[in-house]
Structures are given as structure tokens and as C-alpha cells.
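Hi,

Here is the structure I promised to hand over. Have a look at it first, and my notes on its pockets follow below.

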Amino acid sequence: MMDRLEAVFSIVPKAHAIADIGADHGYLAVELINRNRAEFVIAGDVHKGPLESAKEYVQSCGLTSKVDCRLGDGLKVTEKGELNGAICCGMGGYLMRDIVDAGPELLEFYVLQPQNGQKELRQYMVQKGYVIVLEIIVEDAGKLYTAFLAVRNDQVEAYTGMAEYVDVYQSLPEDSLLWSVGALLEQERPSLWPKYIEYLIYQRQCALDGMTEQLSHTDKYKDLEREVEFLHGLLEDRKK
Ligand SMILES: C[S@@+](CC[C@H](N)C(=O)[O-])C[C@H]1O[C@@H](n2cnc3c(N)ncnc32)[C@H](O)[C@@H]1O
């Protein structure tokens, strides 16, 4: 598997049944079985082409009794009581939020690797009663990705082994940029942290540079400037 999917795999908890939604090639679904992370996997995809590739790959690995490939939208291809958790990788955060919201039920955990909409997805999961217990940054083919594990609050002890878990997101103001950046990442500062923050600064700086003189008086421009300043502060903190 590519580094991005390996990193996602590393934060998937062991469970009886897990779905990989947007399974595409089916690599992750197969690894969940081969490396004993799950006993049963549902590989779902909304498009026929990707689902056929997943099916072929699962067949070639001799795993058709353990990986069930289903065509359809999100978790609607699953039934209540079938799953412990689900994984969604490589899609937009807004789509992931809609997939979780459409159900059919709120699962024990989700492993999510959104390509955008990080803030909205994290805020949605926390509102729905999930605790974000792990966050990672990974570099793959020159690009940086983040992913997180969200566990339903009644399952935190079961999945983390910690009776008292301090949830940093509970006290985070709604307008904090850390909803986008990752409040756990900010606490833990993994080795890719400076590169990640520099990339977030670069993205915002490009947006600022692309704005005309007229736009430089807008709230959007001022917000971006504030974000760049905040992000520089996160880099400074590390040097102390
Ligand atoms: C960019 S690929 C990512 C594949 C794989 N998860 C990965 O990270 O390498 C996104 C996949 O999600 C599927 N997809 C998009 N919307 C979906 C939905 N609502 N339900 C299920 N699958 C969906 C697409 O058909 C595509 O195969």
C-alpha cells in the first residue's frame, strides 16, 4: 500500500467488522483481513468501475468470504448491527460528514482521511458525541495528508484503554483555527509538524497574493492574514 494508506491503517483499531467506504482498488479492505485488524470487511463504492477493481483484487487474494464488496452510496450499503467501525479515505470532508450523517447508525468508531473540510468534519464528529483520540500527518509522493480516529464517547475506554480521557476539542473555541489544523497534532507535534504548518502558511499566502488591492480590505483578506500570523506562532512555539 502507498504511504498514505499505510498511515491510515496504523490508526485503525482492531474490531470484528469494519467498512471501507470509497474502497476503490480494495487494497485497504484486503489489508484489514490479512493483518488481522478485522474478521469481516465491507468494501463499499458508489461507482461500478472502482467496485469491480475491488472485487477483482479481493478475488485474486482469495478473500471473497471475508470481504464483501457492495455497490452503493456511503454506509447505506450496510445494515444496523453489522459493523463496529468505518474508514473513509481520500474524499472531501463534507462528503464524509454526509456519509456519517446518512447512517444507518452511529458506529463505534470512524477513521477519516479528508482531503478538505477538516474543520467542519471534526466539529460534526464532536457534536455527534465522538472523541478524536488519534491524529496523524503523513507525507506521500510529496503531498501531506492528515487523518484521525474518532471514537463514540461510550466506547473511548474500550478503544483507548483509558478510563479518564482528556478531550482537547471539548474546550476548543468554535472559531479556533486548530479545528482545521488538528488540536491533537498541535499537542503532540509529530516530526512532520513544521513542514505541515509551513504548507498551511504557503496555501494561505498564495490566496493572499492572488487577491487584488480592492479585496485587501475585505474580511476574508483579514481572516487569512490572522491565520498566517497564528500559524507562524505555532512554528515559533516549537522553537522555544
Ligand atoms: C479518490 S478515491 C479514494 C480511494 C481510496 N479510499 C483511497 O484513499 O485510496 C474515492 C473513491 O470514493 C468513491 N466514492 C465517492 N463518493 C462515494 C460515496 N458517496 N459512497 C461510496 N463511495 C464513494 C469513488 O468512487 C472513489 O472510488
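Strand β4 gives 3 residues to the lining of the second largest pocket, the largest share there. This pocket has a volume of about 330 Å³, and of its 22 lining residues Ile21, Gly22, Ala23, Asp45 and Met91 are the closest to its centre. The elements that give two or more residues to this lining are α1 (3–10), β1 (15–21), β2 (38–45), β4 (85–91) and α4 (93–102). By class, the lining has 10 nonpolar, 7 polar and 5 charged residues.

A word on the source: this is a predicted model, in which local features need pLDDT of at least 70 and side-chain atom pairs pLDDT 80 or more, while totals for chains, interfaces and linings use all residues. Residues are numbered from 1 along each chain as its sequence is written, and side-chain values use heavy atoms, without hydrogens and water.

As for terms, a pocket is an open set of points on a 1 Å grid over the protein atoms alone, with protein on both sides within 12 Å along at least five of seven lines, where a 1.4 Å probe fits; lining residues have an atom within 4 Å of a point. A volume is the space filled by probe spheres set on the points. Helices (H or I, at least four residues) and strands (E, at least two) are DSSP runs. Ala, Val, Leu, Ile, Met, Phe, Trp, Tyr, Cys and Pro count as nonpolar, Asp, Glu, Lys and Arg as charged, and the others as polar.

The largest pocket has a volume of about 780 Å³. Among its 26 lining residues, Gln118, Ser180, Leu200, Gln203 and Arg204 are the closest to its centre. Helix α9 supplies the largest share of this lining, 6 residues.

Best wishes
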